[in-house]
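The exercises below ask you to work through aromatic contacts and sheet architecture by inspection. Please look at the sequence and the model before reading each solution.

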Amino acid sequence: MRDLYLLKIGGSVITDLSKPNTVASGPVTIGTLLEEAYEAYSSGGFDLIIGHGSGSFGHVAAAQYKVNEGLAYPNSKLGALITHMTAKQLNDIFISEGIRLEIPLYPFSPANFSLADNGELGAGFCDHIAGAVEKGFIPVVYGDVIMDKSKGVSIASTEKVLDFIAKEIKPKKVLYGSDTDGVFTANPKEHPDAKHIDVIDSANIGSALENTGVSNARVDVTGGMKTKLARLYETCKRTGAEGYIFNITRPGMLKAMLLGTANPEFYTLVKA
Ligand code: ADP
């Protein structure tokens, strides 16, 4: 097998967070990102699994029905189902874009291949995903509502799903594409003087986590940058992968990241 890269495409990038269940109208869209990813993939240097966030699709229903609290309320089961189906709707749009662009994606729903225990993905099956990679497909997973042994149901964020896959199928790189040039000493949206952090390793992971948070403007039930960074560091520590948090909204950046030619000003390298 070639080197495997796991790519996360942020839900805030591909959806319009100000409108429930609406995809982003551009300039960066699912289609432009898929084109960039496929151009890099076609160079033949690596295998790829993509995970996309839910943005204004999953998060609105998840928050409305408090899906994170498990089966705690009379309408929790219906809320779990609605949230699952809403996340799937965005995945359908994502896959349809792949078909339009003649890119051999293949969807795998986390609800159907994994099981959580108190919010953590503990069990699951990835052989079919690894098999799809070997056959030349680009598997696509996403944040989903999955069955949970303790809570009934829980939200498996895209990062958790990729972390689970990483443990089963060891990647060389795990790349999180979001809308900032990596991680800063403070939220750059609120503190324009925040400094870019080039590398996060065991020496500065503690302070980096203290300085990351969630933008107040965001609808996000999966935790924002702090949770993302903590998860990526954990994934890298357990699997030996290199981690990257980069600005996927810059034209050409996704392709450059995958080819290893990106300008380091626009990403943070995570080495656990
Ligand atoms: P996505 O939906 O792309 O996965 P989120 O919106 O959940 O991403 O998280 C990315 C956001 O985290 C950024 O847009 C930024 O507002 C916020 N953030 C908070 N603290 C930081 C930080 N120290 N460095 C970078 N981004 C930060």
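**Exercise 1: a helix on the sheet**

Helix H7 (residues 158-168) lies across S1, S2, S6 and strand S9 (173-178), and runs at about 170° to S1. This is a predicted model, in which local features need pLDDT of at least 70 and side-chain atom pairs count only at pLDDT 80 or more, while totals for chains, interfaces and linings use all residues. Residues are numbered from 1 along each chain as its sequence is written, and side-chain values use heavy atoms, with hydrogens and water left out.

Task: in what order do the strands of the open sheet follow one another, and which are the edge strands?

Solution. Begin with the elements, which are DSSP runs numbered from the N terminus (helices, H or I, of at least four residues; strands, E, of at least two). Two strands pair if DSSP finds at least two bridges between them. The open sheet of 8 strands then reads S3-S6-S2-S1-S9-S11-S12-S10, with mixed pairing. Its edge strands are S3 and strand S10 (199-200), each of which pairs on one side only. Within the sheet, strand S1 (residues 4-9) and strand S2 (residues 47-52) run parallel and are joined by 6 bridges, with Leu 7 opposite Ile 50 in S2.

**Exercise 2: two tyrosines in one helix**

Task: how are the rings of Tyr 38 and Tyr 41 arranged, stacked or edge-to-face?

Solution. Rings of Phe, Tyr and Trp (its six-membered ring) pair if their centres lie within 6.5 Å, and planes under 30 degrees apart count as stacked, over 60 as edge-to-face and the rest as tilted. The search of the whole structure finds 6 aromatic pairs. For Tyr 38 and Tyr 41 the centres are 5.9 Å apart and the planes lie at 20°, so the pair is stacked. Both residues belong to helix H2 (residues 30-41), 3 residues apart, about one turn of the helix. Tyr 41 is buried at a relative accessible area of 9%, whereas Tyr 38 is partly exposed at 25%; buried means under 20%, exposed over 50%, and partly exposed in between (1.4 Å probe, protein chains only). Together with Tyr 5 and Phe 46, these two tyrosines form one aromatic cluster.

**Exercise 3: a charge over a ring**

Task: which charged residue sits over the ring of Tyr 41?

Solution. The criterion is that NZ of Lys or CZ of Arg is within 6 Å of the ring centre and within 35 degrees of the ring normal. The charged end of Arg 2 sits over this ring, 5.6 Å from its centre.

Terms used
Contact = heavy atoms within 4.5 Å. Axes fitted to C-alpha atoms, helices over the stretch in contact; angles between N-to-C directions.
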